[in-house]
Amino acid sequence: MSRKLTFDYIIVGTGPAGAVIAKTLSDHKEVSVLVLEAGGNNDKDTPIRDSTFALELEEQFFPQYFWQGEGVPQEELDERAFEWTTGRLLGGGSSINGEQYVRPTSAVFREWEQLLGPLWSPRRAIRRFKKLEKYNGETDDLNARGFNGRIDIRQAPVNPTAMAEKLTTAIERATGFPEILDYNDPKTPLGPFTRWQLYQNPKGGRESSSRAFLSPDIMTPSGRGVDGRKLKVFFNSTALRVLFDKKRATGVEFLKEGRRLRAYAQKKVIISAGINSAQLLMLSGIGPAALLKEAGIPVVFNNPNVGKRLRNHTLNTAVFTTNPNDSALPANDPEALYTGGAFLPDPTGVNSNRRAVQLIGIGSDSTLTLAVLYLRPKSRGSIKIQNKDPLKIVLADEGFLANPDDMEAVKNIFRTYVKNIAAELASIDPSYQLVSPTLDMIEDDVQLEEYIKQNFDHNHHQQSSLRMAPLKKGGVVDRTGHVHGVEDLIVADASIIPFTVDGNTSAAAFLIGYTIARQLVSPDKKGRRQPSEGDEE
């Protein structure tokens, strides 16, 4: 690789957004695309291919598949620190996540549209999701789902267990929301359900961004495009910084198997590095000027919004005993992973038509754990570089419960939903008893608050550190992902989410990648695509 590496586009990262963009751009056979992936191609490894490893992967953070890091101790959680990590392999986070496919609701996209314009309207978002997905499941509205896309989505299991049925019935009785069939149908965003929708093929194997968009019909396992496609994926290649000619992004400096190399882009550099995107911008000279100068990094564009407004959903659990005769999952479908769940509004009645709570049933032989996520946190965190060493971990402060309203919201979920679900579940089957937290703890404000702090756990729903918004409204990128203040540099991943999504983040990342890719292949004269009302992209 002594010759100058030059491509039309360079993409950093093969997660949901990066893989979609790489495939979409290289569909045009005259366009050359280089993709940098810090990890390797592990798609054939059993823990990556076999969905039954999904929950273990998220808990164990295997070093061969994950970035290894830890965040800043959290002040409101007794200085506890949590992992700061995502997938470091082909497919990025989509290769190691819990496989839950959750579209943001129309209420979220209405906020996006109000800030960013019709490109992000609910109608267009739904249309693009339909283009992306190949839905294998039941729904009440066939027009709401896609059946010919590249992302396999499996509704599972086909036959829910008694444990899932009992939990779903208990939630229905406790909340007043009837059971729903398809939570990704925009008309039924609220309610309990027995079956999750998972990133899985019809046989239950994991469906990652690499399997969907960098599959054998797109590239070889070693990373070369097939059938005339001018695509290359460099594995074990860690981006160090974006290169600039004045204000124009011209390429990327990266570390490949111990060698420092450079590659150049004639058209665009696209950063799709997830939680690492903010660090990469700052190392490249885009961020708060004072912080960059302190680190000895020349300032390309002073933007104090870089690394700010970091959001993550809260995560707690409630644990129940179970009936020993009830299985958590069907014996013939261990890949189903989850035992019922629900999406619910704030239990206080505020915004009663909007999702604010996600409940996930995770069963075992002797217990049923109910994961409790608050989806509309007000707390904000930040990402800061420590110095100009690109291999030095960032100071990632997720700011959990920094806003007191978030603690009150989580307490309300336990006081109302968890308490009432426990009562209904016990009435359906007395074997199901709430053991953690106890009802006495829920009734005592001090004990409940302490339980929430000590029980608090971490998920991988980081978003919004590089907000998509006008510069004066806290933005780092515009509505098409172009970085403010420079030319030909794009960020496309969950870090640009402008308003917190009300569910898992991977679906939003796929949508962001596809939307931005469509803008790149069909731009207007100013390089910004302006879809008309009749545009069927």
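This briefing covers the cavities, a pocket, a paired strand, aromatic pairs and one buried histidine. The model is predicted. A search of the whole structure finds 4 cavities of 30 Å³ or more. A search of the whole structure also finds 20 aromatic pairs. Strand E14 is covered on both faces.

**Cavities**

- The largest cavity holds a volume of about 110 Å³.
- Its lining counts 15 residues, and the closest to the centre are Arg103, Pro104, Thr105, Ser106 and Pro186.
- Two elements each give two or more residues to this lining: helix H4 (106-116) and helix H5 (122-132).
- H5 supplies the largest share of the lining of the largest cavity, with 4 residues.
- By class, the lining of the largest cavity has 9 nonpolar, 3 polar and 3 charged residues.
- The second largest cavity encloses about 40 Å³.
- Its lining is made up of Gly71, Val72, Gln74, Phe82, Glu83, Ala396, Glu398, Phe400 and His458.
- By class, the lining of the second largest cavity has 4 nonpolar, 3 polar and 2 charged residues.

**Second largest pocket**

- The second largest pocket offers about 520 Å³ of space.
- It is lined by 28 residues, of which Arg311, Tyr374, Arg376, Pro377 and Lys378 are the closest to its centre.
- H4 and helix H10 (404-428) are the elements that give two or more residues to the lining of this pocket.
- H10 gives the most to that lining, with 4 residues.
- By class, the lining of the second largest pocket has 10 nonpolar, 5 polar and 13 charged residues.
- H4 thus appears in two linings: that of the largest cavity and that of the second largest pocket.

**Strand E14 and its partners**

- In a regular strand, side chains alternate between the two faces of the sheet.
- Strand E14 spans residues 341-344, with Gly341 and Phe343 on one side and Ala342 and Leu344 on the other.
- These four residues are all buried.
- Strand E5 (residues 191-193) runs antiparallel to E14, and 3 bridges join them.
- Within this pairing, Gly191 has Phe343 as its bridge partner in E14.
- Strand E15 (residues 357-363) also pairs with E14 in the antiparallel sense, over 4 bridges.
- Here Gly341 stands opposite Ile360 in E15.

**Aromatic pairs**

- A pair of aromatic rings is described by the distance of the centres and the angle of the planes.
- The search finds 20 aromatic pairs.
- In one of them, the rings of Phe109 and Trp112 have centres 5.0 Å apart and planes at 70°, so the pair is edge-to-face.
- Phe109 and Trp112 are separated by about one helical turn, because they lie 3 residues apart in helix H4.
- Phe109 counts as buried because its relative accessibility is 2%, under the 20% cut-off.
- Trp112 is buried too, with a relative accessible area of 0%.
- Tyr183 and Trp196 form another edge-to-face pair, 5.4 Å centre to centre with 65° between the planes.
- This pair links distant parts of the chain, 13 residues apart: Tyr183 sits in the loop between helix H6 (162-175) and E5, and Trp196 in strand E6 (residues 196-198).
- Tyr183 is buried at 1% relative accessibility.
- Trp196 is buried at 0% relative accessibility.
- Ring pairs join Tyr183, Phe193, Trp196, Tyr338 and Phe343 into a cluster.
- Phe343 of this cluster is also the residue of E14 that is bridge partner to Gly191.

**His460**

- His460 is placed in the loop between helix H12 (445-455) and strand E20 (489-491).
- His460 has 18% relative accessibility, which is under 20%, so it counts as buried.
- Leaving aside neighbours within four places in sequence, His460 is in contact with Glu58, Phe61, Glu83, Thr85 and Thr505.
- Glu83 is thus a contact of His460 and also part of the lining of the second largest cavity.

Key
Residues numbered from 1 in each chain as written. Predicted model: local features only at pLDDT ≥ 70, side-chain atom pairs only at ≥ 80, totals over all residues. Heavy atoms only, no water. Buried < 20%, exposed > 50% of the residue type's maximum accessible area, 1.4 Å probe, protein only. Contact = heavy atoms within 4.5 Å. 1 Å grid on protein atoms, 1.4 Å probe; cavity = no way out; pocket = protein on both sides within 12 Å on 5 of 7 lines; lining within 4 Å. Points joined across faces, edges and corners; volume = space filled by probe spheres on them. Nonpolar A, V, L, I, M, F, W, Y, C, P; charged D, E, K, R; others polar. Pairing = 2+ DSSP bridges. Phe/Tyr/Trp six-rings, centres within 6.5 Å; stacked < 30°, edge-to-face > 60°.
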